[in-house]
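Good morning. Please have a look at the model before I start talking.

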Amino acid sequence: MDCIIIDDDATARLITKQHCLNSEQINVVDEFSSAIDAIKYLNTKSVDLVYLDIHMPTFSGFDFIETLKNPPIIILTTSDKNLALEAFEYKSVVDYLVKPITKERFNKSLEKLDSLSTKEKSSTKEKNTSDFIYVNVDRRLVKVNIPSIYLIEAKGDYINIKTDEKNYIVHSTLKKIEDKLPSDSFFKVHRSFIINTKEIIDIEDNTVLIKKDVVPVSRSNKSELMKKLNLL
Amino acid sequence: MEKPNLSLIKEISGNDIEFENNILDIIKLEFPEEVKLFKTNFEEKKYNEASSNIHKIKHKISLLGLKKGLETASAYEIELKEGNIKLHPNFIEILDKIHVYLSN
């Protein structure tokens, strides 16, 4: 999972970052001392998870959540034990970590994330029975056969959907298309790439060969990718 | 009387010396600045701002294993917002203790 850390306290950011690094599950793509800078970042990029401090000068963690239209999963980090009730009023908040965050508590939080992710994936799987999606290409809605997609690459505000027949450049995000694809065959291997795992030719170190494309696999996603393969 | 110690930092770092040193380096860098800002706001009677400064300092008090110090700081953070400065000397004592510890 790709995450950002928002905290005005550099010590707290360092500790959260180190826990993420040790977990090998969470990939820290950036960190911010101000929630406003993080909002600017999220206007152009998407992440799966935000570690968010509540108490920050001028713009609090709660202000941050209220500003975002579709906030990602949020784990609050705070020195205040008494804000938990208010915190869980926000749908996107899945956990509440009291600083300083111990390794044990951080790992419990990861277990919670894992179980949430499993639930979400199974509900997405149930919802997506269609073999097609419609994408907007030059103001036309074009039908794309999902099993024919082998790779999707994020390029700025666009995604490049590669299929056996042709490629489609669509104004969208990886997060949006990921939600439409069956999780049993599609997997986000890197913050800029989703692959169709059925089309993997080989895997070497931190890259995977899909058709003729060599795609990077982030360290934090490699173990989950390996679980999806029918390994001997 | 409790003294600053590294037990919690060691626990968090999983005895990773490099990580432990990184945490200490940042504390040494941030702590004097945060204390300076707190004292300025306090002297100028900007108690709300000074209370926010305590909030940030609290994390470091906690990291350095000062459980009672954390309780005092938490209480003072709330009281100062209401203009009550009774706990000020106790809080300054905690800050001084940390200052001496970090200087060694």
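Which residue in strand 2 of chain A does A:Ile5 stand opposite? The partner is A:Glu31. Please keep in mind that this is a predicted model.

That pair belongs to strand 1, residues 2-6, and strand 2 of chain A, which run parallel and are joined by 5 bridges. Both strands sit in a wider arrangement: an open sheet of 5 strands in chain A, in the order 2-1-3-4-5, with parallel pairing. Strand 2 (27-32) and strand 5 (93-98) of chain A are at the edges with a single partner strand each, so each has one side without a neighbour in the sheet. Neighbouring strands here are turned against each other by 20° on average, if direction is ignored.

Now the chain as a whole. Chain A contains 7 helices and 15 strands. It has 232 residues, and 49% of them are buried. Its exposed surface comes to about 12500 Å², with 49% supplied by carbon and sulfur atoms.

Next, strand 12 of chain A, residues 193-196. Are its residues buried or exposed? A:Phe193 and A:Ile195 lie on one side, A:Ile194 and A:Asn196 on the other, and all of them are buried, so both faces of the strand are covered. The background to this is that side chains in a regular strand alternate between the two faces of the sheet.

Strand 12 of chain A pairs with strand 8, residues 149-155 of chain A, in the antiparallel sense over 3 bridges. Within that pairing, A:Ile152 is opposite A:Ile194. Strand 11 of chain A, residues 186-190, also runs antiparallel to strand 12, and 4 bridges join the two. There, A:Phe187 has A:Ile195 as its bridge partner. Strands 11 and 12 of chain A make a hairpin, with 2 residues between them.

Last, the second chain. How many residues of chain B are in contact with chain A? There are 19, and they touch 16 residues of chain A. Together the two chains bury about 1700 Å², and 64% of that is on carbon and sulfur atoms. On the chain B side, B:Ile12, B:His55 and B:His59 supply 36% of the area buried against chain A, more than any other three residues.

Charged groups also meet across this interface: there are 3 salt bridges between chain B and chain A. One of them joins the side chains of B:Lys58 and A:Asp80, at 3.5 Å from N to O.

That is the end of my part.

Technical notes: Residues are numbered from 1 along each chain as its sequence is written. Chains are lettered from A and ligands numbered from 1 in the order in which they are written. This is a predicted model: local features need pLDDT of at least 70, side-chain atom pairs count only at pLDDT 80 or more; totals for chains, interfaces and linings use all residues. Side-chain values use heavy atoms; hydrogens and water are left out. Two strands pair if DSSP finds at least two bridges between them. Helices (H or I, at least four residues) and strands (E, at least two) are DSSP runs, numbered from the N terminus. Axes are lines fitted to C-alpha atoms, for helices over the stretch in contact, and angles run from 0 to 180 degrees between N-to-C directions. Buried means under 20% relative accessible area, exposed over 50%, partly exposed in between (1.4 Å probe, protein chains only). Accessible areas come from the Shrake-Rupley method with a 1.4 Å probe; for residues, only the protein chains shown count as cover. Contact means heavy atoms within 4.5 Å. Buried area is the accessible area (1.4 Å probe) that two parts lose on being put together, summed over both. A salt bridge is a side-chain nitrogen of Lys or Arg within 4 Å of a carboxyl oxygen of Asp or Glu.
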